[in-house]
Amino acid sequence: MLDVALRHRFPGFALDASFAAPAGVTALFGRSGSGKTTIVNAVAGLIAPDHGRVVVDGRVLTDTAAGIAVPVRRRRIGYVFQDARLFPHMTVRGNLGYGTRFAPPGAAGPSLEAVVAMLGIGALLDRRPALLSGGERARVAIGRALLSRPRLLILDEPLAALDAARRAEILPYLENLRDRTEVPILYISHAIAEVARLATTLVLVDAGRVARAGGLEQMLADPTTAALLDRDEVGAVLTGRVAGIEPDRLARIATAAGDLLVPGLAAEPSTAVRLRIRAAEVILSLTPPRDSSALNVLPATVAAIVPEGPTALIQLRLPGGAALLARITARSVEALRLEPGTPCHATVKSAGLVQGGG
Amino acid sequence: MLGGAAGWLGPDGAAALALSLKVALVATAASLPLGMICALALARGRFWGHGLLNGLVHLPLILPPVVTGYLLLVTMGRRGPIGAWLEQTFGIVFAFRWTGAALAAAVMAFPLMVRAMRLAIEAVDPRLEDAAATLGASRAAVFATVTLPLVLPGIIAGAVLAFAKSMGEFGATITFVSNIPGQTQTLPSAIYTALQVPGQEGAVARLAALSIAVAMVALVAAEWLSRRVAARIAGR
């Protein structure tokens, strides 16, 4: 779907990144200044790399060896910039129309009405961008990009400028976007919570290089990836479906590893959900815990132990092939005599479960 | 309108006002395209000679107007290299004609025009043009749909300033095309002539008041338009 290999030298910064991404949402994750935006700017053609190759959907857009550099306007890459970049002299309707105006006549894609409904911007159509909130601007920018009938959609930290409340307001629209369009999405972020909620593939960018890349679940359950994240953000993601809502309003989520009970989830039965389980929220025991307040206990096998000084990160293999990370003290590793292959029980505190559709 | 003014200003004064309006309009209209190109080159261009072009455009602002007029006479006069060629090739004569007054006014007003346009162009965020390109717009379409609408008030402001400056141009005009009533006698030249004749104080005062009025209207209009640029780019 997307094949990227780039080498570019700036004063004081060198980019040497390559990755391949399947359909779905590919998250480019890394710290500020790690080179994420530079990578997508090269994909969009806004900068010309010294060396490199960019292939989208089988079309070569950049190939420095073959002297190919398709101009920006012919790439058909919808780019939602961090600062939205709506045209200030046009209304929201004018901005959305600008996307359609230069799209190839035969190209398939959602109608203006469908985009407006999906993003909930119907009430804004006659307003000028200066009168929109940050979240509204981001939604209009997404709509404008979608209406240009892109082969690939780039979202450069569309939520970075927003506060937590606005972010929570926009995330469902992005999930909707992922689930309702077939356009592959390249999503830049430095917030792992967003990535865990939206991405199917994770590309970790560090100091101008791709440190690791792979499927989201495997990547987040991998202790090597964890070393590149903030300590408190380390944790695996489990996918499941809502099996039903219990009488006490706990949602029963069926995952390959077993059922989990989650409070505060108001989803329809059989909705696909993701559960983000931070390593710090997982407790290990050799026997199933008795007389405990914890509701969610999954049988597991220790797959790997990564010492971190006084603590250790334990990778657990769950039934059904999924994996979990648990952070416990080195003393507990000793006391329980954990080693790869040890069967155990992972207790997941309900509060540690984070909702996220998909 | 000019018929009524003729009684108040006297026949020479009315003719001078009419000529000045014609000269200023032609000078402004004719220099707009070149002004736009220079403003674009100075605002966006990265080329060898950028500083030289900047200096050349601003030269008439610094130079004594009589020197600008002399240079025009030497180059664009009937025996000047460019002037002679223009006369032979196109039959265009500048020296001692109203067209020469328009040329002198255009040259003198050019720095003001380019400056206003350049500021407006520099206020446009080039990243908006990048955004338009990712949406599939060609360079020409980006210019027409994004750049131009955003700088339009600046272009108008530049044109208004150039018009006002052209109305008041004196030094280079009188040097290049002299002061022939009905042919090259613009408003400032008419004031100068009236000043030389005793008993014309009333005519001088009226012509001077007219000049002040034109200048004030143009400055207020230019100020209002440049505010519009800022407001438009901010999207209010």
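## Domains of chain A

Domain bounds here come from an automatic or database domain assignment. On that basis, chain A of this predicted model splits into domain 1, covering residues 2–220, and domain 2, covering residues 235–354. Taken over C-alpha atoms, the centres of these two domains of chain A sit 33 Å apart.

How do the two domains of chain A meet? On the domain 1 side, 12 residues are in contact with 7 residues of domain 2. Together the two domains of chain A bury about 680 Å², with carbon and sulfur atoms giving 47% of that area. Three residues stand out on the domain 1 side: A196(A), E217(A) and L220(A) supply 67% of the area that domain 1 buries against domain 2, more than any other three residues. If you are looking for salt bridges between domain 1 and domain 2 of chain A, the count is 0.

## A look at chain B

Chain B is easy to describe in outline: it has 11 helices and 0 strands. Read from the N terminus, its elements therefore run α-α-α-α-α-α-α-α-α-α-α, following the DSSP assignment. Along the principal axes, the C-alpha atoms of chain B fill a box of roughly 70 × 45 × 30 Å.

## Where the chains meet

The size of an interface is often given as the accessible area lost when the parts come together. For chain A and chain B, the buried area is about 1,900 Å², and 66% of it lies on carbon and sulfur atoms. Each partner brings residues to the contact: 22 from chain A and 22 from chain B. On the chain A side, R73(A), R85(A) and H89(A) supply 30% of the area buried against chain B, more than any other three residues.

How many salt bridges cross the interface of chain A and chain B? The rule finds 1. A salt bridge joins the side chains of R127(B) and D83(A), with an N to O distance of 3.0 Å.

## Salt bridges overall

Over all chains, the count comes to 18 salt bridges. One of them pairs K36(A) with E157(A), where the closest N and O atoms are 3.8 Å apart. This pair links distant parts of the chain, with the two positions 121 residues apart in numbering. K36(A) belongs to helix α1 (residues 36–44) of chain A, while E157(A) lies in the loop between β8 (152–156) and α6 (164–180) of chain A.

## The largest pocket

What volume does the largest pocket have? About 730 Å³ of space lies in it. Its lining is made of 25 residues, and those closest to the centre are L34(B), L103(B), A106(B), V107(B) and F110(B). The elements giving two or more residues to this lining are α2 (11–44), α3 (50–62), α4 (65–76) and α6 (98–122) of chain B. By residue class, the lining of the largest pocket holds 21 nonpolar, 4 polar and no charged residues.

## The second largest pocket

The second largest pocket has a volume of about 450 Å³. It is lined by 15 residues, and R44(B), E129(B), D130(B), R139(B) and V142(B) lie nearest its centre. Both chains take part in this lining: α2 (72–75) of chain A and α2, α7 (126–134) and α8 (139–168) of chain B each supply at least two residues.

Which classes of residue line the second largest pocket? The lining divides into 8 nonpolar, 2 polar and 5 charged residues. For the largest pocket, by comparison, the lining includes no charged residues.

Notes:
Residues are numbered from 1 along each chain as its sequence is written. Chains are lettered from A and ligands numbered from 1 in the order in which they are written. This is a predicted model: local features need pLDDT of at least 70, side-chain atom pairs count only at pLDDT 80 or more; totals for chains, interfaces and linings use all residues. Side-chain values use heavy atoms; hydrogens and water are left out. On a 1 Å grid over the protein atoms alone, a cavity is a set of points where a 1.4 Å probe fits but cannot get out, and a pocket is an open set with protein on both sides within 12 Å along at least five of seven lines; lining residues have an atom within 4 Å of a point. Grid points are joined across faces, edges and corners, and a volume is the space filled by probe spheres set on the points. Helices (H or I, at least four residues) and strands (E, at least two) are DSSP runs, numbered from the N terminus. Ala, Val, Leu, Ile, Met, Phe, Trp, Tyr, Cys and Pro count as nonpolar, Asp, Glu, Lys and Arg as charged, and the others, Gly among them, as polar. Contact means heavy atoms within 4.5 Å. Buried area is the accessible area (1.4 Å probe) that two parts lose on being put together, summed over both. A salt bridge is a side-chain nitrogen of Lys or Arg within 4 Å of a carboxyl oxygen of Asp or Glu.
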